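Here's a quick briefing to read with the structure open in your viewer. Have a look at the fold first, then go through the bullets by topic.

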Amino acid sequence: MRILIAESLAPAAVKLLQQQPGWEIVVSNPKEYMQHLAGADALIVRSAVTVDKAVLAAAPNLRVIGRAGVGRRQCRFAFGYSRGRAGDEYAGRQRGLVAEHTVALMLSLARSIPNASASVKSGKWEKRKFMGNELRAKTLGVIGLGSIGREVVKRAPPLRCA
């Protein structure tokens, strides 16, 4: 299977793909990936590349499109379906995970966990310096109530944020 990575991915992700037996990984970029589409069985994109009619027409062997990230603006699936390609949109399947990660980061920052961790790792024990704050009775502001923002709001009541 020939997998085309059309945008930058974390080096660890690329390495993991390269370790799979029988997979040929082609790493490209948004300006040059089109020249590799003809032989690609799979395509991995992020945000800079939009999978549209032109991309699908240039990739006759393409069997799967992976989007590293959330959202689906980069993939125009209707055209793929019209060419008899099976597909599945995983839209929204990550939003719960992202929302929970957002809440975890809120708690981490409120309790000064990153700074306290760095302090302990450097051999200090500054207990009073990193007391942190409670989120209870604080105002939670969510900018944008898309699918992830709504999920964050759903998870906020146990924190008793206003």
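What follows covers the sheet, a buried acid, the start of the chain, the salt bridges and two backbone oddities.

Keep in mind that this is a predicted model. At its heart for this briefing is an open sheet of 4 strands with parallel pairing, in the order E2-E1-E3-E4. A search of the whole structure also turns up 6 salt bridges, and some of those get a closer look below.

**The sheet and its helix**

- Reading across the open sheet, the strands run E2-E1-E3-E4, and the pairing is parallel.
- Strand E2 (24-27) and strand E4 (64-67) are the edge strands: each has a single partner strand, so one side of each is left without a neighbour in the sheet.
- Going from one strand to the next, the twist averages 20°.
- Strand E1 covers residues 2-5 and pairs with E2 in the parallel sense, over 4 bridges.
- If you want a landmark in that pairing, take Ile3, which stands opposite Ile25 in E2.
- Helix H1 (residues 11-18) packs on the sheet and touches E1, E2 and strand E3 (42-45).
- The direction of H1 makes about 150° with that of E2.

**Glu7, a buried acid**

- Glu7 sits in the loop between E1 and H1.
- What is the nearest side chain of opposite charge to Glu7? That would be Arg46, 5.5 Å away.
- Glu7 is buried yet has no salt bridge; the cut-off for one is 4 Å between a side-chain nitrogen and a carboxyl oxygen, so 5.5 Å doesn't qualify.
- The backbone of Arg46 does come into play, though: its nitrogen lies 2.8 Å from a polar atom of the Glu7 side chain.
- Leaving aside neighbours within four places in sequence, Glu7 is in contact with Ser28, Pro30, Ile44, Val45, Arg46, Ser47, Ala48 and Val49.

**The start of the chain**

- Met1 belongs to the segment before E1.
- With a relative accessible area of 37%, Met1 is partly exposed.
- Met1 and Arg63 are 62 residues apart in sequence, and their C-alpha atoms are 9.8 Å apart in space.
- Once neighbours within four places in sequence are set aside, the contacts of Met1 are Gly22, Trp23, Glu24, Asp41, Ala42 and Arg63.

**A salt bridge between two strands**

- Arg2 and Glu24 meet through their side chains in a salt bridge, at 3.3 Å from N to O.
- Arg2 is in strand E1 and Glu24 in strand E2, so this pair ties together parts that are 22 residues apart in sequence.
- Both partners count as partly exposed: Arg2 has a relative accessible area of 24%, and Glu24 has 44%.

**The salt-bridge network around H6**

- Glu100 forms a salt bridge with Arg155, with the closest N and O atoms 3.4 Å apart.
- That pair links distant parts of the chain, since Glu100 is in helix H4 and Arg155 in helix H6, 55 residues apart.
- Glu100 is partly exposed at 46% relative accessibility, and Arg155 is partly exposed with a relative accessible area of 24%.
- Arg155 also makes a salt bridge with Glu151, at 2.7 Å from N to O.
- Arg155 and Glu151 both lie in helix H6, 4 residues apart, which is about one turn of the helix.
- Is Glu151 buried or exposed? At 14% relative accessibility, Glu151 counts as buried.
- Through shared partners, salt bridges join Glu100, Glu151, Lys154 and Arg155 into one network.

**Two positive phi values**

- Ser112 isn't a glycine, but it has a positive phi of about 60°.
- You'll find Ser112 in the loop between helix H4 (95-110) and helix H5 (113-121).
- Ser112 counts as buried, at 18% relative accessibility.
- Ala137 is another residue other than glycine with a positive phi, here near 70°.
- Ala137 is in the loop between H5 and helix H6 (147-155).
- At 64% relative accessibility, Ala137 counts as exposed.

Methods
Residues are numbered from 1 along each chain as its sequence is written. This is a predicted model: local features need pLDDT of at least 70, side-chain atom pairs count only at pLDDT 80 or more; totals for chains, interfaces and linings use all residues. Side-chain values use heavy atoms; hydrogens and water are left out. Two strands pair if DSSP finds at least two bridges between them. Axes are lines fitted to C-alpha atoms, for helices over the stretch in contact, and angles run from 0 to 180 degrees between N-to-C directions. Contact means heavy atoms within 4.5 Å. Buried means under 20% relative accessible area, exposed over 50%, partly exposed in between (1.4 Å probe, protein chains only). Lys and Arg count as positive and Asp and Glu as negative; His and the chain ends are not counted. A polar contact is a pair of N or O atoms within 3.5 Å; within protein, one must be able to donate a hydrogen and the other to accept it, and residues adjacent in sequence count only if both atoms are side-chain atoms.
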